[in-house]
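These are my notebook entries on what I looked up in this model, kept in the order in which I went through it. I began with the core and then moved outward.

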Amino acid sequence: MPRRGRDGSFSLYSRGCDEGFHSAAGAWREANEKFVVPAALERFAPGRELVVAEVAVGTGTNTAALLAAATAAGLELDW
């Protein structure tokens with residue numbers, strides 16, 4: 001079933017497993033803390049192309065967060 005995290009982002013929750021796809025803090029916050037921040041995009045010069053391979057995209061939140069951060073940093077992504 002759909003649910004919103006405390007950050008207002010969309011996520012999913014399984015009643016059968018009593019488990020969410022993301023933390024209660026929110027999918028967007030989790031994606032940034034666990035996927036974007038560790039990528040340390042600031043180490044790359046604007047205009048650089050980065051190659052990204054992602055398996056099991058799920059709800060796409062990690063992808064969206066990385067695309068937003070890369071765009072803000074002036075980076076191109078080859079997905």
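**Phenylalanine 44 and the core.** I am working from a predicted model, and I looked first at phenylalanine 44, which, leaving aside its neighbours within four places in sequence, is in contact with Ala39, Leu50 and Leu75. I then looked up the largest nonpolar core, which has seven residues, and found phenylalanine 44 listed there together with Leu41, Leu50, Val52, Leu66, Ala70 and Leu75.

**The sheet.** I next followed the strands and noted an open sheet of three, in the order S1-S2-S3, with antiparallel pairing. Strand S1 (2-4) and S3 are the edge strands, since each of them pairs on one side only. Three bridges join S1 to S2, and in that pairing I found arginine 4 standing opposite phenylalanine 10 in S2. S2 and S3 pair over two bridges, also in the antiparallel sense, with serine 14 opposite glutamate 19 in S3.

I also checked which way the side chains of S2 point, and they alternate: Ser11 and Tyr13 point to one face and are buried, while Phe10, Leu12 and Ser14 point to the other face and are not buried.

**The two hairpins.** For the hairpin of S1 and S2 I noted five residues between the strands, with glycine 8 taking a positive phi near 90°. The hairpin of S2 and S3 has four residues between its strands, and here the positive phi, about 50°, belongs to aspartate 18 in the turn. I marked aspartate 18 for a second look because most residues other than glycine have a negative phi. Is aspartate 18 buried or exposed? Its relative accessibility is 58%, and since the cut-off for exposed is over 50%, aspartate 18 counts as exposed.

**Histidine 22.** I went on to the loop between strand S3 (19-20) and H1, where histidine 22 is found. At 13% relative accessibility histidine 22 counts as buried, because that value lies under the 20% cut-off. Which side chain does the side chain of histidine 22 meet in a polar contact? I found that of serine 11, at 2.6 Å. Not counting residues up to four places away in sequence, histidine 22 touches Arg3, Ser11, Ala27, Glu30, Thr59 and Thr61. Two of these names recur in my entries: Ser11 belongs to the buried face of S2, and Ala27 is among the buried residues of H1.

**Helix H1.** I checked the length of helix H1 (residues 27-39) against expectation: at 1.5 Å a residue its 13 residues should span 18 Å, and its end C-alpha atoms are 17 Å apart, which agrees. I nevertheless noted a bend of about 35° at glutamate 33. The buried residues of H1 are Ala27, Ala31 and Val36, and what covers them includes strand S2 (10-14) and helix H2 (61-72). In reading the spacing of such positions I kept in mind that an α-helix has 3.6 residues a turn, so residues three or four places apart point the same way.

H1 is followed by alanine 40, which is found in the loop between H1 and S4. Its phi is near 50°, a positive value in a residue other than glycine, and I set alanine 40 beside aspartate 18, whose phi is likewise positive and near 50°.

**Alanine 53 and threonine 71.** Last, I looked up two exposed positions. Alanine 53 lies in the loop between strand S4 (49-51) and H2, and with a relative accessible area of 78% alanine 53 is exposed. How many residues along the chain lie between alanine 53 and tryptophan 79 as a separation, and how far apart are their C-alpha atoms? They are 26 residues apart along the chain, and their C-alpha atoms are separated by 6.2 Å.

Threonine 71 has its place in helix H2, and at 61% relative accessibility threonine 71 counts as exposed. I also noted glycine 47, which is 24 residues from threonine 71 along the chain, with 9.8 Å separating the C-alpha atoms of the two.

Technical notes:
Residues numbered from 1 in each chain as written. Predicted model: local features only at pLDDT ≥ 70, side-chain atom pairs only at ≥ 80, totals over all residues. Heavy atoms only, no water. Expected span 1.5 Å × (residues − 1). Bend = angle between axes of the 7 residues up to and from the residue. Buried < 20%, exposed > 50% of the residue type's maximum accessible area, 1.4 Å probe, protein only. Contact = heavy atoms within 4.5 Å. Polar contact = N/O pair within 3.5 Å; in protein donor to acceptor, adjacent residues only side chain to side chain. Pairing = 2+ DSSP bridges. Core = buried A, V, L, I, M, F, W, Y, C linked by side-chain atoms within 4.5 Å.
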